[in-house]
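User: I am in my first year and would like a close look at one part of this model, with enough of its surroundings to place it. Please take me through it slowly.

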Amino acid sequence: MNVQARHTADATTVEEGLAIQQEQAKFDSEAATAIAMQNTLLTPRFYTTDFEELDALDVMPVRADWDKLMERMRADPNKGHFRKTEDWDQIDWEGMDPELKAEFLDFLISSCTAEFSGCVLYKEMKRRGTNPDIKELFSYMSRDEARHAGFINDALREAGVAVNLGFLTREKKYTYFRPKFIYYATYLSEKIGYARYITIFRHLEANPEHRFHPIFKWFKEWCNDEFSHGEAFALLMRANPELVETRTNKLWIRFFLTAVYMTMWVRDHARPRFHEALGVDIEWYDLEVFRKTSTIARQVFPVELDIDNPRFVAGCRRLERAMRDMDAARAKGGLGGLWGRISGGTRAALAFASVYTMPVKRQELPESVRLEPVY
Ligand SMILES: [Fe+2]
Ligand SMILES: [Fe+2]
């Protein structure tokens, strides 16, 4: 296969997409890969799980909805989409404000790592699976994520940095999650990914003067892929109702909602110049994304965080300050730094606990699971 002449946007399988990227990796940057290699509380991780348990899932109870979703994913409406076209404006990377450039590159590298994290997990499930339904789903999802990561890397390459994804696959640490945590975490990350992309897309549609990079023009079709991926996890959970019905599992769902929302809040607040350039108020943006995600998640989660409770924003703000103080203390070092880290860590834990223990909204699950990306 002549991979050099081909583009990840046209790859029909994850293997093909990765082979093309491997060929390009000769030019990829060590610095960007080093950032992608980091494993902190706030950087995207790689996951592994009990693939046999996942493979044993039965989709029979949701067969009709499942078949419809698979039909759409099989038709592959976004094949060829994730490539530069005449709509791709030239960017003056050299002339970009250095702070904005640093934050934007950080955003692209972390998005690329997150996309690729999904790709690696889904590809492994596809490889190990024996259940035809599971194999088919994970082959489509890994195909999509390989394209997404490849496209972000195209944008990064123009700035002289790109992530070496083959190196990352081999060298990055994998975190083990039990299958049920994979369902909660990946469902949420797909749906929140959809909500993030569509909110930026709609905002820039109304305020095109803030579109400082062409990649945002691609966000609409992009978010439709993420929406479909989330739908698949929603169906898997609804086909196995104990995942969302028991008392313990409801507590886990609350935990994941709290962790995913609060992590996003802290991450986004670390990029003030990036959001300023987009013309977006970070608190407004985050709350809008949480609102969309929570509305969508009613399809499968019987509990919902009450983001209108004043404790929610107060807790997020406290966590963000505590994390910032911990970073400053880490940079300072010494005994004072150690004390700063301990007290910051305690404040962070208390802020998290205060949001986690808020009264939640409870709801009956709807008769029909499936939703369309209309937000
Ligand atoms: Fe993706
Ligand atoms: Fe996805």
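Analyst: Let us take Arg298 as the part to look at, in what is a predicted model. Arg298 is partly exposed, because 16 other C-beta atoms lie within 10 Å of its own, and a residue would need 20 or more to be called buried, or 12 or fewer to be called exposed. As for its place along the chain, Arg298 sits in the loop that runs between α13 and β3, the strand of residues 303-304.

The next step is to ask what surrounds this residue. If its neighbours within four places in sequence are set aside, Arg298 is in contact with Glu304 and Gln363. A separation along the chain can also be set beside a separation in space: Arg298 and Val260 are 38 residues apart in sequence, and their C-alpha atoms are 16 Å apart.

The helix on one side of that loop, α13, covers residues 282-297, and Glu288 is one of its residues. Glu288 is partly exposed too, with 19 other C-beta atoms within 10 Å, so it falls in the range between the limits for exposed and buried residues. Between the C-alpha atoms of Glu288 and Ala195 there are 8.4 Å, although the two residues are 93 apart along the chain.

Ala195 leads to an annotated region, since the unreviewed UniProt entry lists residues 106-236 as "domain: Rubrerythrin diiron-binding". In the model this span is 79% helix and 2% strand, and its end C-alpha atoms lie 33 Å apart.

For comparison, another loop residue deserves a look. Asp76 lies in the loop between α4, residues 63-75, and α5, residues 98-128, and it is partly exposed, with 13 other C-beta atoms within 10 Å. Its backbone is worth noting, as Asp76 has a positive phi of about 55 degrees although it is not a glycine. Most residues other than glycine have a negative phi.

Finally, here is the setting of these parts. The chain holds 15 helices and 4 strands. Its radius of gyration is 20 Å, close to the 21 Å given by the globule rule for 375 residues, so the chain is as compact as a globular protein of that length. Its C-alpha atoms fill a box of roughly 55 × 55 × 40 Å along the principal axes, and buried residues make up 40% of the 375 residues. Among contacts between residues at least 6 apart in sequence, 80% join residues at least 24 apart.

Conventions: Residues numbered from 1 in each chain as written. Chains lettered and ligands numbered in written order. Predicted model: local features only at pLDDT ≥ 70, side-chain atom pairs only at ≥ 80, totals over all residues. Rg over C-alpha atoms; globule rule 2.2 N^0.38 Å. Contact = placed C-beta atoms within 7 Å. UniProt positions renumbered as here; feature names shortened; annotations may be inferred.
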